[in-house]
Amino acid sequence: MHDYQDKTVANAIFMMRKAVEEICCSSSSGSILSSENFVVADLGCSSGPNAFMYFAAIMDAIGESCDRLSRRAPEIQLLLNDLPGNDFNTLFRSFASEREKGGKRLLPHYMVGVPGSFYGRLFPCKRVHFVYSCLSLHWLSQENVRLNKGNIYISKTSPPLVSKLYLEQFQRDFRSFLNLRSKEICSDGRMVLTFFGRRCSDPADEEHNYVWTPLAEALNEMVLEGIVKASEMDSFNLPYYQPSMEEVKMVTRDEGSFDLMEEQVFDLNWDVANGGNVAGIIRAVSESMLASHFGETIIDELFSRFAAIIAELLLKGKSKYDKTVANAIFMMRKAVEEICCSSSSSILSSENFVVADLGCSSGPNAFMYFAAIMDAIGESCDRLSRRAPEIQLLLNDLPGNDFNTLFRSFASEREKRGKRLLPHYMVGVPGSFYGRLFPCKRVHFVYSCLSLHWLSQVPRGFDTKENVRLNKGNIYISKTSPPLVSKLYLEQFQRDFRSFLNLRSKEICSDGRMVLTFFGRRCSDPADEEHNYVWTPLAEALNEMVLEGIVKASEMDSFNLPYYQPSMEEVKMVTRDEGSFDLMEEQVFDLNWDVANGGNVAGIIRAVSESMLASHFGETIIDELFSRFAAIIAELLLKGKSNSKCDIHDEKSSGGDLLQQQQRQHSFVGELRGRGFGLLLGAQRIHVLCGDNGRNWRELRPVEPPGPEIQLLLNDLPGNDFNTLFRSFASEREKGGKRLLPHYMVGVPGSFYGRLFPCKRVHFVYSCLSLHWLSQVPRGFDTKENVRLNKGNIYISKTSPPLVSKLYLEQFQRDFRSFLNLRSKEICSDGRMVLTFFGRRCSDPADEEHNYVWTPLAEALNEMGIVKASEMDSFNLPYYQPSMEEVKMVTRDEGSFDLMEEQVFDLNWDVANGGNVAGIIRAVSESMLASHFGETIIDELFSRFAAIIAELLLKGKSKY
């Protein structure tokens, strides 16, 4: 997955969790949780971090469902699918890394890579329980368009037939996809698919072609300059189609294998800073296609031009990249689902579910948040087979908020959603959330999104005679502020937030929850410039006007914002000390501003601060002030000193009347929040999930069942450094802390070609990249006639006689057959074994593709006059890289194990130079070489070997 998809992960995860929970909780699918295995497939997984994120959410949903149903969680098999060219190596490494972080929180699971197109069969019949594909199905199996001159996708200049051909190809592909999956998904299974799609009926609409049209423009420029042939341009069309929801539904209905249980349309917003970022994203997904058609030589130039075109669009305000509020919605849904599904909660038994939005403002986000909460309540009731309660929504903001606009926007959104909404009633609650708002113990769920960084007042202490000019020349905490300024701001935040928590504890019922989001900071110093890159330029603009006599110095020195960005520690400290709530979950994440120029930033900041500034300095300076502020921001953007990210929005809050200071603070915060800017360029916001600390609170928390004690048997040859191994385990355990299950480890010296463990006592055996080492040099080389059979070589090579390959294969067969037989005596009846080898894809073991290390090492030995020819000719490695067929043949013939799954994957060496390779090979072969040739040659040998490898790397002939 690419960065531009990150903002929509939450939407996909919502649907995945719901589908998985439906599978687990369905009375008709009880057999799924009764089975030992739950099979999940990710189609089009790519190699990015999202693959594990999706899977972790699915594991959580399975685990939580099993906890609710008091069932043991099944083992999970994850089938990771993408085209054979996908970087599965990176994918597997990233999973291993994420698993290490997850510790014991993860359910037992096994993953496999499944290379292949999802437009073909991938899995055995009726074996998969849950399938998901995230932002992949817009890629077609092929393109079939040849009359789209000057374009690479559907555009306004494309003939109507182009749209028709694209639609028909999508219909064929999607119909085939659904039919194939219906054969693979079991009867109680589910599937969640997300597409890049479009809202409008016309696929040529510019709203959906804001990437491909500029890329076509860049190619056409290169045609005019003779860099690209016109015939090549005219014959290239992307195998890509953005369907409308109606087109998806039509194919689903006509194909008939699946029922469409739920649909969502949501905005997919790109998080980009400049044209270069967009170019990088698009290059990642399209380079291979473009290079295959136009040649690799044009790629750098093409994307350089494309980046310039995008940069120009960003500056002109024509780009569609903006931000979303998915993070807030994700935590809200989670909290509401916990309320509904809590075993001790009586909330769903009541007729009324009360929700409060504090600092709602009058923008579109208010309904978006509420709709997500209604969905969570409805879905929870469906799972629990309960009738959904009526919902009362309490919309709170300061009395100056434009509630009329807010109510009209709700009515409009309700008409769009129609019957899909639960029965609900909303009321406006004017007032400050730093005072009591609602009846005692009547509210089930409270949320406040990006409002609590606004204080109830300018910090106490600034109004004293001695402190009135304490923060001279500043309007918020800055590097030039005395330490007392930070202290006064922190104390005001602590008072306000403590009061807020105490008041809400009186209003929220015992099983309730609260989700709060702040603009916050990561560092301990509130004066850090990272968090003050908006207020410092605004103060600079005001100080310029002081120097010019437009603003009085006394007015400047006495103005301070009622605003504070807390750190997570400060939020947690107040929460803990106030004591009404338990902090159940916390998140800190970056929120980057999407701005195109200084004027946009000025418009945003003016919306949230104009009323306060006008009240203090007077209305006459406002236009001039924000004109200067825009110029300062523009200069910072040009100099690269701003932390902003580019986007195009210039929205101001509704309501033209001048409002009192606190009234405008909250009304405009909502607007900023709604557009996804609100906070200062690149600042952080803090998400806090709270639960009411009632007397039964601790009983509501799930108690994790104790896991089994684990005994780890660490085996290697007696010469292995077990001391170092044990010390490294102790070190890693200290890092892992309580996440680790109770476990005990022992060292077991010995060859795995002999018996190692008591009979039928081992549940799981794994051997990673070891079984290519044989128990000995192949039998037959030690006979008088064969001692020099492999003259000049140390392993199978192109110059080896056929008998060499035969002897090596026979030794591998003996060794592996013995290994399987011995392990069958040690592994218990329900046990499993995972083995990985260095292997080969081709049938010929002498193929140079698999000998790119041993052949250069033999070359180095042959160069050395200090090595005797007789020693060289009699040395052969006890090593064999089998093919998959050879492994399967021995497994089948030996008969103790069923081969349940196989994978063949590329193992790519990550090396910088010949010295690196030499170090790796020396580590695994030095003892054998020194034993045969003597220790005195080792340094010289690997110095020569490193030089040979370096030459191969330079020539591009190495496989590392």
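## Getting to know this predicted model

Me: In this predicted model, is Cys186 buried or exposed?
Reply: Let's start with the number: Cys186 has a relative accessible area of 14%. The cut-off for buried is anything under 20%. Cys186 falls under it, so this cysteine is buried.

Me: And Cys449, is that one buried or exposed?
Reply: The same cut-off helps here: buried means under 20% relative accessible area. Cys449 comes out at 2%, so the word for Cys449 is buried.

Me: How many disulfides does the protein have?
Reply: A pair of cysteine sulfur atoms has to lie within 2.5 Å to count. By this rule, the number of disulfides is zero.

Me: What share of the residues is buried?
Reply: The protein has 28 helices and 16 strands. It holds 960 residues, and the share of them that counts as buried is 53%.

Me: Among contacts with a separation of 6 or more, what share joins residues 24 or more positions apart?
Reply: Good one, since this is about how residues far along the chain meet. Here we look at the contacts in the protein with a separation of 6 or more. Residues 24 or more positions apart account for a share of 82%.

Me: Which word describes how α24 and α28 are set to each other?
Reply: Two packed helices are described by the angle between their axes and the distance between the axes. For α24 (residues 854–863) and α28 (residues 938–955), the axes are 9 Å apart and the angle is about 130 degrees. Angles from 65 to 115 count as roughly perpendicular and those over 145 as roughly antiparallel. The angle of α24 and α28 fits neither, so the word is oblique.

Me: How many nonpolar residues are in the contact of α24 with α28?
Reply: On the α24 side, the residues include Pro856, Leu857 and Leu861, and on the α28 side, Phe942, Phe945 and Ile948 are among them. Three residues of this contact are charged and no polar ones take part, while the number of nonpolar residues is 10.

Me: Where is Ser385, and is it exposed or buried?
Reply: Ser385 sits in the loop between α12 (365–383) and β7 (390–397). It has a positive phi of about 55 degrees although it is not a glycine. Exposed means over 50% relative accessible area. Ser385 has 69%, so it is exposed.

Me: What about Lys441, which class of exposure does it have?
Reply: Lys441 lies in the loop between β8 (424–430) and β9 (443–449), and has a positive phi of about 55 degrees. Its relative accessible area is 40%, so Lys441 is partly exposed.

Notes. Residues numbered from 1 in each chain as written. Predicted model: local features only at pLDDT ≥ 70, side-chain atom pairs only at ≥ 80, totals over all residues. Heavy atoms only, no water. Axes fitted to C-alpha atoms, helices over the stretch in contact; angles between N-to-C directions. Helix = DSSP H or I, 4+ residues; strand = E, 2+ residues; numbered from the N terminus. Parallel < 35°, antiparallel > 145°, perpendicular 65-115°, else oblique. Contact = heavy atoms within 4.5 Å. Nonpolar A, V, L, I, M, F, W, Y, C, P; charged D, E, K, R; others polar. Buried < 20%, exposed > 50% of the residue type's maximum accessible area, 1.4 Å probe, protein only.
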